[in-house]
Amino acid sequence: MKLKIILPLLLLLLLMTGCYSFDSDDLYALPQRSREYRELQTAVETALGSGSYSAPVSGANRQAIQQVDLDGDGLEEVLVFCKLEGERPLKLLILRREEERFVLSCTLEGDGTAFDSVQYAQIDGQPGQEILLSRRIGEQVQQFLSVYTMTDGLTTELMSSGYTAFTVSDLDGDQRSDIFVLRANSDGLRASAALYRFRDGELTKDVEASLSTGADSVKRLLTGNLAPGVPAVFVASAFDENNLITDVFSLVNDVFTNITQNAESGQSSQTVRNYYVYSTDVDGDGAIELPDTLPLTAIEGDAASEGQYRIIWYSLAADGTRTDKMNTYHNFAEGWFLFLPEQWCRELCVTKRRGEGEPAGTELSRWEADGSRTVLATVYAFTGEQAQAMSTRDGRFLLAQRGDVCYAARLSEDAGLDEEQLRARFSFISVDLLPGNEG
C-alpha cells in the first residue's frame, strides 16, 4: 500500500523539479491517422483529380464515398461518386484494395445532372452485392437506372432502363432480389410496370403489366405479402383530383400480373378511395391490408362530424378475391386510431365533444332508429402539468401515454367494452399511415 502512495509522489516531484523534460506541444497533438486511411485518401484524391464529389441526392445511401464488398471476397471496395468534365460527366469510381494499397479498378460513366440514388442488393446469387445506380436526366420526369455486378475486379452492366419509380423485392422466392420498375409510356396516359429477374445467367424482363387507366403520379411503393409466402408490390397513385388508387402486382403461376386490374375497364376499381390513407400491415399479422373507406353519417349543423370515415381493412388473394378483416377509426389530427368492435360499426357517428366545463374530446356514438344518438365512448388527449390528473378524473381512465401527451377515455354503459378491452383496441398511427405522407 505504501508503494502505491510513494510512486505518484515521486513522479510529481520529478515534474516539479524539472528532472523530466517534454515538449508542451505534444499535449495538444492530434491523433495520427492510420496508414491505411492515408493510403485511401491519396488514392481517392488521385482518382478524383480535378473533379468534384457528387453524392446521391435521395435514398438511404447519400455519402460521396461508400464502402461495400461488391465481389464477396471479404474486402470492401471503395465507391466514389463524383462529377468530372466530359460528355458523360457523372462518374462512379471503384477502388479496390491490393495488398496495402488502393487502386482504381474501374470507372462507371453516365449522363445526367446528378446521381439520384444507389442501392446494393443480392441479385445474381453469387457472393457480393450488385449496384443499383440511378441518375437524374435533366428536368425529365423519368430517370435512369443501371444495375452492375463485379467479378474479379471487372464490372458488368446487367440492365438499364428509364423509370419513374423502382424498388427491389424477391417476388419469386428464389432468395435473390428482383427489380420492380415503373415507367411512363410514350403516350403519357398510362404507365407500365416491369419485373427484372435473374435467370439463366442474365437479368431478364418479364412481360410488362400496366397500371390502372387514369393512375397519375405515384405516391408510394410498398413491398410486402398478400398472405404468408405470397410477396407483392403495392403501388398507390393519384387518381382524378382527390382520389387514390392502388395497383397490386405479384406473380401468378409465375406470370407477372396486376392482380387488381379489371380486364374490361383497365382499372383497379375496387381500390379507388377518396381518402389519403395507404396500405399497410395494420394488425401486424405479416400481410399487407388495403383500406376501403365508408363515410360516417354527420350530425346536422355540426361541422366537426363531417368528413369522418370508417376504414374497412381487407386482404387480397392472388386471384384478386377480397376478404374484409377489420374496421378502424383514425384520428389523424391527434395521432391515434381504434380497432372498432363489430357492434360499433353500425351507424357510427364521430364528432368533437365540447361541453361547458368538460374538456374537448372525440365522441363516438351510434345512431338509433328513432334518430337519437347513443354515446359509446369519448377519447381525450391531454397535455401540460395536469395531464395525468385529468386522465383519471370524472370517470375517465388512462389509455396510453406518448411523450408529454396522455390519452384517456370514458366509456358509457352501452359501449359493450371494459377499460382493458378498449386499451387493447387503442393504437398510435405510424408515420407511413399519415395522409399526404409520400415518403
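Let's start with helix α2: the cover over its buried residues includes β1 (52-53), β2 (65-68), β3 (77-83), β4 (90-98) and β5 (101-110). Contact here means heavy atoms within 4.5 Å, and buried means under 20% relative accessible area, with exposed being over 50% and partly exposed in between (1.4 Å probe, protein chains only). Helices (H or I, at least four residues) and strands (E, at least two) are DSSP runs, numbered from the N terminus.

A quick word on what you're looking at: this is a predicted model, where local features need pLDDT of at least 70 and side-chain atom pairs count only at pLDDT 80 or more, while totals for chains, interfaces and linings use all residues. Residues are numbered from 1 along each chain as its sequence is written, and side-chain values use heavy atoms, leaving out hydrogens and water.

Back to α2, then. Its buried residues are L40, A43, V44 and L48. They cover an arc of only 125° around the axis, so they sit on the same side of α2; that arc is taken from the directions from the helix axis to the C-beta atoms. Over on the other side of α2, R35 and T46 are exposed. The helix length checks out too: 14 residues (35-48) at 1.5 Å a residue should span 20 Å, and the end C-alpha atoms are 20 Å apart, which agrees. The expected span is 1.5 Å times one less than the number of residues. At the N-terminal end, S34 acts as a cap, with a side-chain oxygen 3.1 Å from the backbone nitrogen of Y37. After the helix comes G49, with a positive phi near 55°.

One of the strands covering α2 is β4, and that's where you'll find K91. Is this lysine buried or exposed? At 6% relative accessibility, K91 counts as buried. Its side chain has polar company: K91 reaches the backbone oxygen of R88 at 2.9 Å, and a 2.8 Å polar contact joins the side chains of K91 and E109. A polar contact is a pair of N or O atoms within 3.5 Å; within protein, one must be able to donate a hydrogen and the other to accept it, and residues adjacent in sequence count only if both atoms are side-chain atoms. Leaving aside residues up to four places away in sequence, K91 touches V80, F81, C82, L84, E85, T107, L108, E109 and F115.

Further along the chain is an open sheet of 4 strands, ordered β15-β16-β17-β18 with antiparallel pairing. β15 (215-227) and β18 (255-258) stand at the edges with a single partner strand each, so one side of each has no neighbour in the sheet. Strands pair if DSSP finds at least two bridges between them; β15 and β16 (residues 230-239) are joined by 9, and one of the partnerships is L222 with F234.

Next, look at H330 in strand β21 (residues 322-331). H330 is buried, at 3% relative accessible area, and its side chain makes a polar contact with that of T328 (3.1 Å).

Finally, there's β27 (residues 405-411), where 5 of the 7 residues are buried. Strand β25 (residues 373-382) runs antiparallel to β27, with 6 bridges joining them. β26 (residues 397-402) is also antiparallel to β27, through 5 bridges. β26 and β27 form a hairpin with 2 residues between them, and G403 in the turn has a positive phi of about 65°.
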